[in-house]
Amino acid sequence: MNKLKLIETLKNRCSLSQNEATDVVNLFFLEMTNALTDGNRVELRGLWSFYLKEYKSYTGRNPKTGETVRIDSKKLPFFKCGKELKKRADYTPN
């Protein structure tokens with residue numbers, strides 16, 4: 001599912017206009033992004049959680065030239081799957 005499909009599904013199930021459904025989906029992703037950039041964890045219990053993982057700087061190597069390169073410290077979003085989502089993804093009907 002992509003963002004447009006999500007908007008379409010929300011529009012049909014909740015009897016919203018295209019603009020209202022788009023606003024709801026955009027607001028959801030905006031607030032999730034804002035929370036992560038503020039250093040907060042974003043969690044939907046049972047489904048998933050996102051949080052920032054901090055990596056320290058280190059010395060790396062350019063694979064083409066073999067030259068030593070200094071890699072700066074960085075923060076990257078990290079996804080963790082919840083128990084319920086794991087169960088549903090692994091479900092096999094009889």
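Colleague: Which elements are included in what covers the buried residues of H2?
Modeller: This is a predicted model, and in it the buried residues of helix H2 are Ala21, Val25, Met32, Ala35 and Leu36. Seen down the axis of H2, these residues fall within an arc of 110 degrees, so they line one face of the helix. What covers them includes helix H1 (3–14), E1 and strand E2 (48–55).

Colleague: Which residues are exposed on the other side of H2?
Modeller: The buried residues of H2, among them Ala21 and Leu36, lie within an arc of 110 degrees and so line one face of the helix. On the other side of H2, the exposed residues are Asn19, Asp23 and Thr37.

Colleague: How many Å apart are the end C-alpha atoms of H2, and what span should its residues give?
Modeller: Helix H2 runs over residues 18–37 and has 20 residues, for which a rise of 1.5 Å a residue gives an expected span of 28 Å. The helix is followed by Gly39, whose phi is positive, near 90 degrees. The distance between the end C-alpha atoms of H2 agrees with the expected span, being 28 Å.

Colleague: Which residues are in contact with Leu6, leaving aside its neighbours within four places in sequence?
Modeller: Leu6 is found in helix H1, and at 30% relative accessibility it counts as partly exposed. One of the residues that Leu6 contacts is Val25, which also belongs to the buried residues of H2. With sequence neighbours within four places left aside, the contacts of Leu6 are Met1, Val25 and Phe29.

Colleague: How far apart in space are Leu6 and Lys83, C-alpha to C-alpha?
Modeller: Leu6 has its place in helix H1, while Lys83 is 77 residues away from Leu6 in sequence. Taken from C-alpha to C-alpha, the separation of Leu6 and Lys83 in space is 23 Å.

Colleague: Which residues make the nonpolar surface patch of about 240 Å²?
Modeller: One member of the patch is Leu44, whose place is in strand E1 (residues 42–44). At 36% relative accessibility, Leu44 counts as partly exposed, and a patch takes residues with over 30% relative accessible area. Another member is Phe29, a residue that is also in contact with Leu6. The patch is made by Phe28, Phe29 and Leu44.

Colleague: Which residues are linked in a network of salt bridges?
Modeller: Arg41 forms a salt bridge with Glu43, with the closest N and O atoms 3.3 Å apart, and the side chains of Glu43 and Arg45 meet in a salt bridge that is likewise 3.3 Å from N to O. Arg41 counts as partly exposed at 46% relative accessibility, as does Glu43 at 35%, whereas Arg45 counts as exposed at 72%. The residues linked in this network are Arg41, Glu43 and Arg45.

Colleague: What is the distance between the closest N and O atoms in the salt bridge of Arg88 with Glu84?
Modeller: Because Arg88 and Glu84 are 4 residues apart in helix H3 (residues 83–90), they are separated by about one helical turn. Arg88 is exposed, with a relative accessible area of 59%, whereas Glu84 counts as partly exposed at 40% relative accessibility. Their closest N and O atoms are apart by 4.0 Å.

Colleague: How many salt bridges does the structure hold?
Modeller: Among them are the salt bridge of Arg41 with Glu43, that of Glu43 with Arg45 and that of Arg88 with Glu84. Side chains of opposite charge can pair when their charged atoms come close. The number of salt bridges held by the structure is 4.

Note on methods:
Residues numbered from 1 in each chain as written. Predicted model: local features only at pLDDT ≥ 70, side-chain atom pairs only at ≥ 80, totals over all residues. Heavy atoms only, no water. Patch = residues over 30% accessible without salt bridge, like charges linked within 9 Å, V, L, I, M, F, W, Y side chains within 5 Å. Areas by Shrake-Rupley, 256 points an atom, 1.4 Å probe, with all protein chains shown as cover. Helix = DSSP H or I, 4+ residues; strand = E, 2+ residues; numbered from the N terminus. Buried < 20%, exposed > 50% of the residue type's maximum accessible area, 1.4 Å probe, protein only. Expected span 1.5 Å × (residues − 1). Arc of directions from axis to C-beta. Contact = heavy atoms within 4.5 Å.
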